[in-house]
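Visitor: Please show me the structure, and then let us discuss some of its details.

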Amino acid sequence: MICLMLWLLLLCATTAQAENDNIEVAQDGLFQLLVLPYDYDALEPAIGRKTMQLHHSKHLKGYVDKLNRLIVGTRYASMPLSRIVVLSDSTVYDQSVFNNAGQVLNHNLYFTQLSPDGGGEPQGILADAIDNKWGSFNAFKQAFNNSSAELFGAGWVWLVCDHEGELYIVQEPNGGNPVTRGLVPLLGVDVWEHAYYLDYQNRRSDYVDALWDIVDWSVVEERYEATGVIENNCQSAIEMLSEM
Ligand code: MN
């Protein structure tokens with residue numbers, strides 16, 4: 001019986017992974033809605049079921065559907081998602097493409113870095129880099145919380161690395177993603193009100209505080225390690241994002 005349950009769990013996890021393998025690349029010209037690797041209520045109490053359901057099935061789906069409508073028959077139709085974000089940001093004519101592509105990329109990164117088994121502290125070279133930059137993990141969290149509280153209006157706060165592998169906390173307004181500045185997004189926190197208002201109302205800081213309990217640091221570590229920081233070449237991570 002236990003073996004059967006384990007097999008079913010493995011099958012579910014494998015299926016979700018297979019469905020998400022190509023979320024950064026349009027299939028037959030259409031981007032797919034990310035399949036969450038957990039249930040809508042799995043991140044409670046940090047994020048409530050209703051928030052997750054609306055955020056994924058309404059907000060993210062809306063961005064995916066709009067992006068698909070916008071890129072039909074354009075130069076963006078066959079591009080990886082992060083390339084669409086970078087290129088559409090470079091022209092004032094394609095701001096709708098940029099807004100929706102950015103939000104799809106942002107949310108795909110956001111939802112996949114959270115887990116009901118998250119929390120704790122990062123390990124390995126990411127932990128070392130955080131200690132080198134901020135002195136301690138707690139000091140990093142405080143700096144991140146402050147940046148989240150100070151961001152005016154809707155946007156995102158990111159832990160990123162540059163081409164040297166150095167870490168920074170950066171803010172992006174609206175649907176911005178740090179790939180447009182040549183930075184690699186490692187951890188992104190959505191501070192649009194739709195991400196927290198049902199659970200926390202105006203208390204954005206309480207929402208960000210609660211997120212530390214559900215961050216899957218193994219995912220963030222993988223993103224950092226994939227940057228090829230050891231070879232001092234974060235560009236490879238941007239290319240990897242493009243190929244996902
Ligand atoms: Mn959102």
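**Salt bridges, metal site and helix H4**

Guide: In this predicted model, a salt bridge joins the side chains of Asp-65 and Lys-61, with N and O 2.8 Å apart.

Visitor: In which helix do Asp-65 and Lys-61 both lie?

Guide: The two residues are 4 apart in the chain, about one turn of the helix. Asp-65 is partly exposed, because its relative accessibility is 28%, and Lys-61 is likewise partly exposed at 35%. The helix that holds both Asp-65 and Lys-61 is H2.

Visitor: How far apart in sequence are the parts that the pair Asp-94 and Arg-75 ties together?

Guide: Asp-94 and Arg-75 form a salt bridge whose closest N and O atoms are 4.0 Å apart. Asp-94 belongs to the loop between helix H3 (81-89) and H4, while Arg-75 belongs to the loop between H2 and H3, so the parts tied together are apart in sequence by 19 residues.

Visitor: Which residue forms a salt bridge with Lys-133?

Guide: Lys-133 lies in helix H5 (residues 124-134), and its partner lies 33 residues away, in the loop between strand E1 (155-161) and strand E2 (167-173). Lys-133 is partly exposed at 33% relative accessibility, and its partner, Glu-166, is partly exposed at 37%. The closest N and O atoms of the pair are 2.8 Å apart, and the residue that meets Lys-133 is Glu-166.

Visitor: How many salt bridges are there by this rule?

Guide: The rule asks for a side-chain nitrogen of Lys or Arg within 4 Å of a carboxyl oxygen of Asp or Glu. Among the pairs that satisfy it are Asp-65 with Lys-61 and Lys-133 with Glu-166. The count of salt bridges is 5.

Visitor: What spacing do the donors of the manganese ion follow along the chain?

Guide: The protein donors are His-55 (NE2), His-107 (NE2), Asp-190 (OD) and His-194 (NE2), at 1.9 to 2.1 Å from the manganese ion. Among them, His-55 in helix H2 (residues 49-71) and His-194 in the loop between strand E3 (184-190) and helix H7 (197-200) are 139 residues apart. Along the chain, the donors follow the spacing H-x51-H-x82-D-x3-H.

Visitor: Is His-194 buried or exposed?

Guide: Buried means a relative accessible area under 20%. His-55, another donor, has 1% and is buried. His-194 has 19%, and therefore it counts as buried.

Visitor: How many residues of H4 are buried?

Guide: Helix H4 (residues 95-112) has 18 residues and reaches 26 Å from its first C-alpha to its last, close to the 26 Å expected. H4 is largely enclosed by the rest of the structure, because its buried residues number 14 of the 18.

Conventions: Residues numbered from 1 in each chain as written. Predicted model: local features only at pLDDT ≥ 70, side-chain atom pairs only at ≥ 80, totals over all residues. Heavy atoms only, no water. Expected span 1.5 Å × (residues − 1). Buried < 20%, exposed > 50% of the residue type's maximum accessible area, 1.4 Å probe, protein only. Donors = N, O, S within 2.8 Å, 3.2 Å for Na, K, Ca; no water.
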